Amino acid sequence: MKYIISENQYKILLKEDRVEFLRNQNVIDQETLDQAVEGENEREDERPEGGGRPRGITVEPIENHEGIDIAYIVTNRRGRQSIKLSPEIFQDIVDADPSNNKQYVQWMIKVFMNHIKENDIEQAVRFLAEDLPEANEFLDVFDKVKNKKVFKRSASNRPNAPQDVRDINQYNDLAHLYSVVSPFIGVGDDEEDEGGESKLYKSLKKFIDLGEARLAYRDNDVLVYTPLTIDSSCEPLGNLASWCTRRAGNSYFDSYRRNNPKPDGTLSDYYVIMPKKLFDGDDEGGLYPLQFHFESNQLHDKNNASIDRSGQLDSVLSRFSGLKDFFKKELGALVEMDVRKGTGLMDSPYIKYLNRFGGSAKDHISGEAYEEGVKNIQRLASEQTVPLKQNKYLNWLISNVGDVNITEYLDKDNLEMADFTDMKIKELPDLSEFKKLTHIVATNCDINKFPPVDYLPAESLTMLSIGNNNIEEIPGEGYEKLKRLFAISAGGNPIKKVNTETLKRMCTSNDGAFVRLSFDPSGLEGENKEEFYKTKEEFCSGVMWSI
C-alpha cells in the first residue's frame with residue numbers, strides 16, 4: 001500500500017529523522033549512566049591486575065556555573081573517550097535552531113565539541129549555558145540571507161570569510177559566523193536606518209541623560225560608554241556588536257554585574273570602547289566597539305572574541321594613550337578597594353590588568369592604602385605554617401618591600417632547617433639565636449658573599465648549602481668557630497679567592513668535624529690557586545672534595 005504525503009509532511013519527517021539521529025549520536029543514555037555507576041561500585045578485588053581503573057564505563061560530568069550537568073565525558077572499557085550531551089541541553093540546542101528542518105543543530109553541537117577538543121571548557125560551558133540565544137539570532141540572520149544575491153556577492157569580502165560563505169559548516173564558532181553576517185542584519189527589512197552615526201550618538205546621549213548610562217571617558221579619538229541598565233546596553237548599539245549582554249530581554253547583563261560585583265559589593269561596570277571614527281560609519285576593520293568587563297575576565301571585540309588572547313590589546317592601548325591612562329586610574333581604584341578588604345596587593349584580580357595596562361599598585365593607589373596592604377600581607381605571612389620558600393606572602397614582601405626581617409616569620413625556638421631556595425633575599429638574615437638550627441639552604445638567592453659567622457648558630461649548624469649565587473670568596477672569615485659544621489656546598493658560584501688560613505683552621509680544629517667542601521676552583525689564579533692546593537694537600541686530607 002502506498003501513502004501520498006504533502007511537501008510539508010515530508011519536511012516534518014526529514015526534521016524528525018535528523019533530530020532523532022543526532023539525539024541518538026550525541027545524547028547520553030540511561031544505560032551508559034547505569035554502567036558508569038556499576039563501574040564506580042566495583043569491588044577492589046575485581047579491579048584489573050596491577051591496579052588502575054575498573055574495567056567499566058566511566059562518566060565525568062561537565063557542569064554549568066550553577067552546578068547542573070550539561071554534558072559528559074564518557075570513557076569506555078578500552079579507554080576511548082567521547083562527549084555526550086544531557087537530554088535537556090540537546091533540546092535547548094534544537095530549540096535554538098531557527099530553521100524549519102533543524103539543519104543547524106549539528107553545527108551547534110560541533111561548535112561545542114570543538115571548544116572541548118581545544119581544552120577550553122569555560123568557553124564550551126558558556127556556549128551552551130549563555131550563548132544559545134545569540135546562536136539563534138545569528139543563525140536566523142544566516143538562514144534568511146544566505147541565498148540572497150547581496151550576501152553571495154559581498155559576504156566573501158568580509159575578514160576571515162570562509163571559502164563558501166553559504167556553508168554553515170565552514171564557520172568555526174559564533175564569533176566567526178557573526179563577523180561575516182553582521183553587516184547583513186536587517187537585509188530585506190522594510191525599516192530604513194535613518195541618521196547613520198548621529199542616530200548612534202543620540203541614542204547614547206539619551207541614556208546618559210536619563211541616568212541609565214555614563215560617558216566614562218572621552219577625548220578627540222575615543223570614548224568609553226558605561227551602560228547601567230539592560231536597555232542602555234541593548235538599544236544604542238543595536239547590531240554593532242554580538243555580545244550576549246546587548247540582547248533585549250537577556251538577563252546576562254544584570255547577572256554578570258550582580259554575580260561579579262566590585263570589591264565594595266556594588267555592581268560591576270561594563271566599559272564599551274568606541275573610536276570616534278565609528279560614528280562616521282568606519283567599522284575600523286571589524287574590531288570595534290570593544291567591551292571590557294574585568295570581573296569576568298572579558299576584554300572582547302565586537303565579535304565577542306578576546307583581544308588579549310589575540311594580541312590586539314597592545315595595539316589598542318598604543319593607539320589610544322588617553323584610554324590607557326583612564327583604565328589605569330579605574331583599575332587603581334578597584335585595587336584599592338581590594339586592599340581595604342585584606343590581601344589586594346597580592347591577590348586582587350585587578351592587579352594583573354593594572355600591570356597589563358602598564359601600571360603598578362604602588363603608583364595608582366594612595367600611599368595610605370598601599371601601607372595598609374603591606375601590613376595585611378605581613379600579617380598573612382606571619383600566620384603561615386608552610387615551609388619558608390612556600391610562604392607566598394613573605395616572598396612578595398621580599399620582592400616588593402625590601403628590608404624584610406625574615407626572622408620575624410620563623411620559629412626561633414624549634415626551627416631545625418631553614419630553606420631559602422629561590423628567595424631573592426640578597427643576604428642571609430641573622431640566625432645566630434636559632435639554637436636548634438642544623439641545616440641552612442640558600443640556593444639561588446642572589447647572595448654576593450658568605451654570611452658573617454656571627455649570623456650563624458655556632459653550636460648547632462652542621463650543613464650550609466649556598467650554591468648558585470654570586471659569591472666570589474670562600475669560606476667565610478672565622479668559620480672555624482662553627483664547632484659542628486661538617487659540610488659546605490657552594491657549587492655554581494664564581495669563586496675567585498680561597499681564604500686559605502680560614503680553610504686551614506677549619507680542617508684542623510673541632511676534632512676534624514669539617515669533612516666536606518664543594519665548589520668550583522676554576523676561577524682561582526696565581527698565588528691563591530697554588531696556596532689553595534697546597535693547603536688542601538697538607539691540612540685538609542680528611543676532607544671530601546667536589547671540585
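**Contacts, helix H19 and strand E6**

User: Which residues does Glu-477 touch, not counting residues up to four places away in sequence?

Analyst: Glu-477 touches Val-453, Asn-499 and Thr-502, where contact means heavy atoms within 4.5 Å. A word on the basis: this is a predicted model, in which local features need pLDDT of at least 70 and side-chain atom pairs count only at pLDDT 80 or more, while totals for chains, interfaces and linings use all residues. Residues are numbered from 1 along each chain as its sequence is written, and side-chain values use heavy atoms, with hydrogens and water left out.

User: What makes the pair of side chains of Glu-477 and Thr-502 a polar contact?

Analyst: A polar contact is a pair of N or O atoms within 3.5 Å; within protein, one must be able to donate a hydrogen and the other to accept it, and residues adjacent in sequence count only if both atoms are side-chain atoms. Here the distance is 3.3 Å, so it falls within that limit. Glu-477 itself is found in the loop between strand E12 (473-474) and E13.

User: Why are the buried residues of H19 said to line one face of the helix?

Analyst: Helix H19 (residues 500-508) has Thr-500, Thr-502, Leu-503, Met-506 and Cys-507 buried, that is, under 20% relative accessible area (exposed is over 50%, partly exposed in between; 1.4 Å probe, protein chains only). Seen down the axis of H19, they fall within an arc of 160°, so they line one face. The arc is that of the directions from the helix axis to the C-beta atoms. Among the elements these residues pack against are strand E13 (487-489) and helix H20 (526-539).

User: What makes 271-275 a strand, and why is E6 called largely enclosed?

Analyst: Strands (E, at least two residues) and helices (H or I, at least four) are DSSP runs, numbered from the N terminus. Five of the five residues of E6 are buried, so E6 is largely enclosed by the rest of the structure. Tyr-271, Ile-273 and Pro-275 point one way, and Val-272 and Met-274 the other.

User: How do you know that strand E5 and E6 pair?

Analyst: Two strands pair if DSSP finds at least two bridges between them. E5 (residues 222-227) and E6 have four, in the antiparallel sense, so they qualify. Val-222 stands opposite Pro-275 in E6. E6 is also joined to strand E7 (residues 290-293) by three bridges, again antiparallel, with Tyr-271 opposite Phe-292.

User: Where does pLDDT stay under 50?

Analyst: pLDDT is the predictor's confidence in each residue, from 0 to 100, and residues 1-7 stay under 50. The mean for the protein is 83, with 88% of residues at 70 or more.
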